[in-house]
Amino acid sequence: MNRSSQHWIVTEVDILKFAVMLMCISGMMQSSVLFVSWSIVYDGLKYMIPVLGALIVMLRIHSVTKLRYIMTTLGISTLIVLTCILTKDYSYFVLCIILVLSKKMTINDFIRISFKVLLVFGGIQIGIWLLNYVVHLGYPVFYNQSERRISFLFSHPNIAAIKLGWGIVMYTWLKWDQLNWKKWGGCAIAAGMIYASTKADSCLIILFYLIMVALSKFSIVQKLTIRFSKYCFLILGAFNILMAQLYRDAGKWTSLIRSLDLFFSRRLAMAYLAINDNGLSIIGQTITEEHEWNELFNFGNYTIDSLYIYFYVCIGIVYFVLIAVGFWKLAKYKDYRAALIVIIFSLYAMIEVHCLYLTNCFALLLLKYVIFNSKRIE
């Protein structure tokens, strides 16, 4: 009788896994045109996460908790809540809850849940898109008819690329020890097909990632990758803001920087405008993305497509510094997989804001091993 009752005990890890599943489902629904009118559903799923978080905290009240853990979680939570208030964007709070409560949940558990949700929802969307291509169900075949970009019923081709691209990353992470050339080749073909259909630059990062996966057996590659992972976020972030600041006038280098801007699809010009129009922020501010059209900045409004600029201008430089320090400390684990994830996340951060969210990219969750001073990554 006791054994049977113990079998049905729900632990805090089980509750956290359920919260992660709700977060992933909500993220998939929010980024899909199939559920554009279902906001009450995916918002409701997100609102359940703080409730589940409070339940986990209640379960931990009677357990022995180290003072360091309490002070760390309180510090992170206070900082992020303050940023939410200043930016008037409370989406970061969900990331905060998962991060500070994830001490007992492994990164593999998180990735398995996220990957399964992606398989279900991504499979449904791709299947409906294929059916729509044949019999036309009322959805557009191409997101952009002139460029013939395909979004697979995600809200944008770039969103499709990051969702499906990181699906490949999650698959290789989970299959790392069983990964052979056949599976690797399948991933490479999938990445190529995503690139050909979405025409998203981020797919090139996934292809680079797969090359580095193939080279993982070489010790020199492992050592260099782990060493570079310590500094890449800091270096690329500094490079990004430098190029943005020099966009208007860099002397004899101006034409080179503007050519680089075209290569990055005007991201440097938009980064310059974001900084010039809003200034820099320490822990968060509300911003404007509107600008008067002129010959140099020939768009009336703009987007911030660089996560680095998003840190500097919108949610605060303090997060850029904390993440840079966290990735630097993460290298002490000498884990090639983790180091490679840090590098591709740092590359993504140059062209994509959406990699900030755990529903798209799990890189920031690796910081939990540094925050909680874990012995190893698992």
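**Entry 1: K368**

I started at K368, which lies over the face of Y369, 4.5 Å from the ring centre. I note that this is a predicted model. I then looked up where K368 sits: it is in helix α17, residues 368-371.

Next I checked its charge partners. K368 is buried, yet it has no salt bridge. The nearest side chain of opposite charge is that of E378, 7.4 Å away. A salt bridge needs a side-chain nitrogen of Lys or Arg within 4 Å of a carboxyl oxygen of Asp or Glu, so E378 at 7.4 Å does not qualify.

I looked for polar atoms instead. A polar atom of the K368 side chain lies 3.5 Å from the backbone oxygen of K103. I also listed the contacts of K368, leaving out residues up to four places away in sequence. K368 touches L99, S102, K103, M105, T106, I107 and S374. K103 therefore turns up in both lookups, as a contact and through its backbone oxygen, by the contact cut-off of 4.5 Å between heavy atoms.

**Entry 2: another charge over a ring**

I noted R258 as well. R258 lies over the face of Y247, at 5.2 Å from the ring centre.

**Entry 3: aromatic pairs**

How many aromatic pairs does a search of the whole structure find? I got 21.

I opened W166 and Y348 from that search. Their pair is tilted, with 5.8 Å centre to centre and 50 degrees between the planes. The pair links distant parts of the chain, 182 residues apart. W166 belongs to helix α7 (residues 157-174) and Y348 to helix α16 (residues 336-348). Are W166 and Y348 buried or exposed? I found W166 buried, and Y348 too.

I went on to Y308 and F320. This pair is edge-to-face: the centres are 6.1 Å apart and the planes make 80 degrees. Y308 is in helix α14 (residues 307-315) and F320 in helix α15 (residues 317-330), 12 residues apart. I found both Y308 and F320 buried.

Then I followed the ring pairs outward. They link F233, Y308, F311, Y312, F320, F327 and F345 into a cluster. Y308 and F320 are thus members of that cluster.

**Entry 4: I211**

Last, I looked up I211. I211 is in helix α9, residues 202-214. Why is I211 classed as partly exposed? Its relative accessible area is 47%, and the class runs between under 20% for buried and over 50% for exposed. I also took the distance to I323. I211 and I323 are 112 residues apart in sequence and 26 Å apart in space, C-alpha to C-alpha.

How values were computed. Residues numbered from 1 in each chain as written. Predicted model: local features only at pLDDT ≥ 70, side-chain atom pairs only at ≥ 80, totals over all residues. Heavy atoms only, no water. Helix = DSSP H or I, 4+ residues; strand = E, 2+ residues; numbered from the N terminus. Buried < 20%, exposed > 50% of the residue type's maximum accessible area, 1.4 Å probe, protein only. Lys, Arg positive; Asp, Glu negative; His and termini not counted. Polar contact = N/O pair within 3.5 Å; in protein donor to acceptor, adjacent residues only side chain to side chain. Phe/Tyr/Trp six-rings, centres within 6.5 Å; stacked < 30°, edge-to-face > 60°. Lys NZ or Arg CZ within 6 Å of the ring centre and 35° of its normal.
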